Amino acid sequence: MKRFFSELVVLLNIALYTQAQIFDPVKWTITLDDPGTPEKTLVFTASIDGGWHLYDLNLPAGGPVSTSFEYEIMNGAELVGDIQPSKAATTEYDDTFDMNLRWYSGNVTFKQKIRITDPAKFKLVGEVVYMACNDETCLPPEKEEFSFDKKHIKTVAPPVTEPVVKEEPMVQETAAESQQQETENTGNVPVVISPVPTVPSVVAGSESVTTQEGQSLWKPVIDELKGFGDATLSAADTSWLFIFLAGFLGGFVALLTPCVWPMIPMTVSFFLKRTKNRKKAIADAVTYGLSIIVIYLGMGLLITGLFGPNVLNALSTNAIFNIIFFLLLVLFAVSFFGAFELVLPASWTTKLDSKADSTTGLISIFFMSFTLVLVSFSCTGPIIGTLLVQAASMGNILGPAIGMFGFALALSIPFSLFAIFPNLLQSMPKSGGWLNSVKVVLGFLELALALKFLSVADLAYGWRLLDREVFLVLWIVIFALLGLYLLGKLKFSHDSDLPYVSVPRLFMAIISFSFAVYMVPGLWGAPLKAISAFSPPLYTQDFSLYEGEVHAVFDDYESGMAYAKRVNKPVIVDFSGYGCVNCRKMEASVWTGPKVKHILENDYVLITLFVDDKTRLPEPIEIEENGRVRKLKTIGDKWSYLQRSKFGANAQPFYVLLDNEGMPIGPSYAFDEDVNKYIQFLQNGLNRYNNK
């Protein structure tokens, strides 16, 4: 059960953590290393924030935007060899793109050698095009410009002797011929040359926006969005609360296991009998509970301190790690079914017991707490392991520690509570067969969720052993068997006789059978949104009858707005990206809902703007942003600038509702797979539009 809650909470965590705000996770330092010879080195150093990564060069077509180095002007120099990164890229399989992706985290340096051929004419102007992502969001492609000239070189090469050619009459070159000649002059290297128009800085960010009406479509509306109480622009990051609650629920489940539950009355009775001073006994029990918190909190901090959030985050999506974790969960499940008892070496607990007996005061209580941690490992180990893996996916160094704090708090509360109110011990359910039943139920849940980790590895290696229909069949069988076990129709060797079925067991059996039946239509392609985070993607299914995708009619902002005004409909602008994983999740799990699909296709004009569209604009657009003059060269640049300048956000997915003058009719919406919430978001916008 803990594992179910842990996965569910992480989904909520991602939904709130993917805030629509301005991120700047990659900082570039670009220098020209001059050793005093004609051969110089361009050094591009990227400092990447924790939890983020920068994609490698030359990724396969159809994937996210690769890092590239483009040279608009290269006079008096030529490239020597290929650009070289300072370290090997991390390679991971991504099931969304169905390919292996390569990326860098931390710091990485790229070096490109150049040779000076004419120092008097040396000029180098270019830009780095890159895309940064974390596990929850991807930013649109960004550009970092650089420029060097003869002032930046201290030692020059001798001038190249030009061959004497017969002077020909001057002929006006075409633009194509001029670009070809410029390429030849730079040493036959693939240089990107773009015309730089003499266009003044534009607020609208588009050469097509020249009328007063067009300008108003690009007018910033950040304050207006905040006036609607826009949570995605102004809310603080509350993901820590959710990972804490996940840990707390895990600790509560751990309390109900046969490794922990019998320890509560034994330990509390020990403290009450240890001294006749009741206040002292209560203080000892409270100290015991606090010691449990300190131990588990220390474990969380130690793990993130040794590995760091980036390593843990990488492990959580690593294929080999997922195979190992799958095998461990199966091992724990088999143990919970009664095949064997999985415990830590007895010498460890013996030594701690002797330490507790030979010491006094706080140290003695601390060693007793440590003994509880080791003794209960066979029940708490799987819960703690999953909690740490999921908390690490936050990309924050405090995530595992916060989750462990919640887990330890739930685990420690009963020891202090029963010490303060010892009479409650008499009403506490006695240990018995029901504790073993809890353990077996956890075994079924662990077995089911182990398949989720195997699915990651299966997709990574392309085995196609665990396609979606195979995964669903296994889950249907597991939850049907769980229902039979709860009804007493399936028994294990260490189970007690079940003379009758209690009401709680009956309801749990009904839930288990219902869940199994719910998954049956998925064998024919039903989306099964409740388990979309666990099951393999729909494209792995061989047979599917499902048709329900939603596609935007317009991919141009001005054209879509003009059409919406003509037909008198409100607009929903969808800022998306070809490399945006969460955009695909929203389209698959939210837009495909019948009511959402109907509203999007009939009541709104849907405009999808891809911020990583590499199609070149007819001419670059010069804009001034944050005190810097930049050039928008692609369609993706244009839409990314629109999102930043008009709406104050740069993360995708990002949805905003507008009237026909480009003014918001409600708050924006980010990544949140709650279909009812999305319907309410759309309906509120419609009501405001109709009222206006």
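Is Leu 449 buried or exposed? Leu 449 counts as buried, because its relative accessibility is 5%; here buried means under 20% relative accessible area, exposed means over 50%, and partly exposed covers what lies in between (1.4 Å probe, protein chains only). This residue sits in helix H15, which spans residues 433-461. Its C-alpha atom is 8.5 Å from that of Phe 326, although the two residues are 123 residues apart along the chain.

Some ground rules help before going on. The model is predicted, so local features need pLDDT of at least 70 and side-chain atom pairs count only at pLDDT 80 or more, while totals for chains, interfaces and linings use all residues. Residues are numbered from 1 along each chain as its sequence is written, and side-chain values use heavy atoms, with hydrogens and water left out.

How sure is the predictor? The score to look at is pLDDT, the predictor's confidence in each residue, from 0 to 100. Its mean over the protein chain is 75, and 71% of the residues reach 70 or more. Two stretches do poorly on this score: pLDDT stays under 50 over residues 1-20, and it also stays under 50 over residues 156-212. The model has 66 contacts beyond four places in sequence for residues 1-20 and 68 such contacts for residues 156-212, where contact means heavy atoms within 4.5 Å.

Now for the chain as a whole. The protein chain holds 22 helices and 16 strands; these are DSSP runs numbered from the N terminus, with helices (H or I) having at least four residues and strands (E) at least two. Out of 692 residues, 50% count as buried. About 32,100 Å² of the protein chain is exposed, and carbon and sulfur atoms supply 62% of that area (Shrake-Rupley method, 1.4 Å probe; for residues, only the protein chains shown count as cover). Among contacts with a separation of 6 or more, 76% link residues 24 or more positions apart.

One open sheet deserves a closer look. It has 3 strands in the order S4-S9-S11, with antiparallel pairing; two strands pair if DSSP finds at least two bridges between them. S4 and S11 are the edge strands, each pairing on one side only. Neighbouring strands of this sheet are turned by 15° against each other on average, direction ignored; the axes behind that angle are lines fitted to C-alpha atoms (for helices, over the stretch in contact), and angles run from 0 to 180 degrees between N-to-C directions. Strand S4 (residues 68-75) is joined to S9 by 7 bridges, and S9 is joined to strand S11 (residues 142-149) by 8 bridges. Gly 126 in S9 is the bridge partner of Tyr 71, and Gly 126 also stands opposite Phe 146 in S11. Another bridge pairs Tyr 130 with Glu 142 in S11. Strand S9 (residues 123-130) has 7 of its 8 residues buried, so it is largely enclosed by the rest of the structure.

Tyr 71 turns up again in the largest nonpolar core, which has 32 residues. Such a core is a set of buried Ala, Val, Leu, Ile, Met, Phe, Trp, Tyr and Cys residues joined through side-chain atoms within 4.5 Å. Trp 28, Phe 44, Tyr 71, Phe 110 and Phe 122 touch the most other members. The strands that each supply at least two residues of this core include S1 (26-33), S2 (39-48), S5 (77-85) and S8 (107-116). Not counting residues up to four places away in sequence, Phe 110 touches several residues, among them Trp 28, Phe 44, Phe 69 and Tyr 104. Apart from this core lies another, of 31 residues, including Phe 325, Phe 337, Tyr 485 and Ala 516. In soluble globular proteins, nonpolar side chains tend to be buried together.

A second set of strands involves S3, S6 and S7. Strand S7 (residues 99-104) pairs antiparallel with S3 over 2 bridges and with strand S6 (residues 90-94) over 5 bridges. Leu 54 has Tyr 104 as its bridge partner in S7, while Asp 94 stands opposite Met 99 in S7. His 53 lies in S3 (residues 53-55) and counts as buried because its relative accessibility is 10%. Leaving aside neighbours within four places in sequence, His 53 has contacts that include Trp 103, Tyr 104, Met 131 and Cys 133.
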